[in-house]
Amino acid sequence: MGRAADRVRRTFQVLMDGAPAEPPEDEPGEQVDPRAMDLVLRVGDLLLASGESTERINEAMLSLALAFELPRCEVQVTFTALQISVHPGQGAMPVTAARTVRRRTPAYWRLAELHSLVQDASIGMLELDEAHQRLAKIKHGLAPYPPWLLVVCFGLIAASAAVLMGGGPLVAGTAFVATLLGDRTAAALARRGVAEFFQLAVAAAIAAGAAVLVIALGGSDRASTIVTGAILALLPGRPLVASIQDGITGNMVNAGARLLEVFFLITAIVAGLGVMVYGAVRFGVDVDVQHLPDFPAFLSPVAIVAAAAVALTFAVSLAVPRSVLAPAAVGGGLIWILYVTLLGWGVKPVLASAIAAVVIGTLGSFYAARRHAPALPYVVPAISPLLPGTLLYRGMVELNTGSPEDGMLSLVGALSVGLALGAGVILGSELVRAFQRVGLSASGRWARPAARRTRGF
């Protein structure tokens with residue numbers, strides 16, 4: 001009867017929108033293990049560098065702190081730094097450590113391995129020494145794909161996107177070569193210490209230059225799909241999703257920093273496109289909206305396969321685990337089918353993108369939860385076929401050919417589609433979270449203070 005009464009009382013509190021009573025705090029110990037603090041910081045460092053959201057990093061670090069008995073642990077995660085503070089109690093000074101993340105690389109295979117480490121440690125399957133050894137293997141481990149394949153996949157993203165937009169073999173091949181040339185040029189600039197902003201601008205300019213050259217030589221009327229395919233390979237889909245997730249979950253400082261990063265990356269792409277298109281128009285190249293591809297709003301086997309190929313190659317470029325490749329390809333084909341079907345029903349492109357992203361986010365998050373894996377490797381590649389490469393290029397062409405109002409509307413439309421995709425994916429994951437019974441040991445129904453109802457604002 002006691003358990004039943006307690007369950008009824010807690011259920012009533014939830015229905016009345018009241019948080020349950022806080023559990024009693026454990027008596028703080030006198031010793032703080034510095035190796036445990038170091039493990040927590042290193043795991044958070046790799047998660048942040050690999051592109052995980054702030055909330056998930058907090059949950060992982062607190063789970064490890066709880067698993068290795070760090071008393072009264074507080075964790076703070078910002079865009080480039082992490083801090084952990086432990087309060088031993090009994091009059092002892094708190095122990096604080098910090099770590100700065102200087103380089104962020106998309107390595108989703110490492111993200112999956114880190115989540116597995118945290119889960120094993122949370123249920124008591126790892127001792128501290130074993131956790132350190134496993135972390136060292138993850139940090140110094142090799143990606144599941146050779147470096148040359150990661151490079152080639154950037155070109156394959158552009159080629160697949162060119163086919164998706166109606167381009168033929170010549171256009172797809174040119175997009176592949178132009179994207180590889182832009183990527184290798186950006187890598188050479190990076191080795192010389194040039195900022196990433198200018199790397200992306202040069203890569204976008206090379207892609208646009210290839211399209212302008214084909215148009216100047218009287219090539220295919222689908223020549224502009226060269227640059228739109230290349231833009232798709234450069235667009236920051238990964239930080240866009242993470243920024244919106246941070247904002248929705250209440251981490252406003254990190255959300256603002258990530259959104260500013262996305263803004264600068266997109267601005268770099270637009271700048272590279274603008275310089276090349278402006279130069280082409282000044283030299284008399286017939287670049288106008290007639291050369292822009294009409295986004296194919298119909299279903300065909302070629303389009304579905306191309307969308308799946310975009311998602312598959314995008315997944316490889318993000319270095320996802322091999323087991324994620326097939327679900328990512330299926331997600332890419334499915335989101336294209338949903339998007340085109342919604343357009344056929346008269347739904348506007350922005351809303352159609354959001355609805356398709358919600359479905360993919362829900363399915364991807366549910367599948368990831370069943371496999372006890374992070375959701376980002378499943379959902380980020382799957383939304384890549386809908387990233388607004390065509391709208392960005394159309395905006396720059398219109399701005400430089402005497403239609404500034406239309407150009408601004410196209411750029412705003414591109415931004416709206418990107419935000420709709422990110423918000424849709426996060427809404428799907430939130431639907432799964434709302435009905436998920438278990439999670440990491442530091443997560444749960446009441447582990448998200450920003451989600452509790454407030455009154456009066």
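Is R99 buried, partly exposed or exposed? In this predicted model, R99 has a relative accessibility of 24% and therefore counts as partly exposed, since the buried class ends at 20%. The residue makes a good starting point for a tour of the charged pairs, the nonpolar core and a few further features.

R99 is one half of a salt bridge whose other half is D45, and the closest N and O atoms of this pair lie 2.5 Å apart. Because R99 sits in strand β3 (residues 95–100) and D45 in helix α2, the bridge ties together parts of the chain that are 54 residues apart in sequence. The acidic partner is the buried one here, as D45 has a relative accessibility of 12%. A search of the whole structure returns six salt bridges, and two others are described next.

Helix α2 also supplies R35, which pairs with D129 of helix α5 (residues 128–140), and this link spans 94 residues of sequence. The closest N and O atoms of D129 and R35 are separated by 2.7 Å. Both ends of the bridge fall in the partly exposed class, with D129 at 46% relative accessibility and R35 at 38%.

A local pairing is found in helix α3 (residues 54–67), where E59 and R56 stand three residues apart, about one turn of the helix. Their salt bridge has its closest N and O atoms at 3.1 Å. E59 is buried, with a relative accessible area of 5%, whereas R56 is partly exposed at 27%. As general background, side chains of opposite charge can pair when their charged atoms come close.

Attention now turns to the nonpolar interior. The largest nonpolar core comprises 105 residues, and the members that touch the most others are V43, L70 and I84. Helix α2 (residues 34–49) provides the largest share of this core, namely ten residues. V43 illustrates how separate stretches of the chain meet: once residues up to four places away in sequence are set aside, V43 touches L64, L114, L117, V118 and L135.

F79 offers a second view of long-range packing. This residue is placed in the loop between β1 (73–77) and β2 (81–86), and its relative accessible area of 16% makes it buried. Beyond neighbours within four places in sequence, the contacts of F79 are L48, R104, N254, A257, R258 and E261. The C-alpha atoms of F79 and V253 are 8.2 Å apart in space, although 174 residues separate the two in sequence.

What of the cysteines? The structure holds zero disulfides. Two cysteines can be placed by their accessibility: C73 is buried with a relative accessible area of 14%, and C153 is buried with a value of 3%.

The surface has a nonpolar feature of its own. L351, I355, V359 and L363 together make a nonpolar patch of about 310 Å². One of these residues, L363, belongs to helix α14 (residues 349–370). With a relative accessibility of 46%, L363 counts as partly exposed, and patch membership requires over 30%.

How values were computed. Residues are numbered from 1 along each chain as its sequence is written. This is a predicted model: local features need pLDDT of at least 70, side-chain atom pairs count only at pLDDT 80 or more; totals for chains, interfaces and linings use all residues. Side-chain values use heavy atoms; hydrogens and water are left out. A nonpolar core is a set of buried Ala, Val, Leu, Ile, Met, Phe, Trp, Tyr and Cys residues joined through side-chain atoms within 4.5 Å. Buried means under 20% relative accessible area, exposed over 50%, partly exposed in between (1.4 Å probe, protein chains only). Helices (H or I, at least four residues) and strands (E, at least two) are DSSP runs, numbered from the N terminus. Contact means heavy atoms within 4.5 Å. Patches are made of residues with over 30% relative accessible area and no salt bridge: like charges are joined within 9 Å, nonpolar side chains (Val, Leu, Ile, Met, Phe, Trp, Tyr) within 5 Å. Accessible areas come from the Shrake-Rupley method with a 1.4 Å probe; for residues, only the protein chains shown count as cover. A salt bridge is a side-chain nitrogen of Lys or Arg within 4 Å of a carboxyl oxygen of Asp or Glu. A disulfide is a pair of cysteine sulfur atoms within 2.5 Å.
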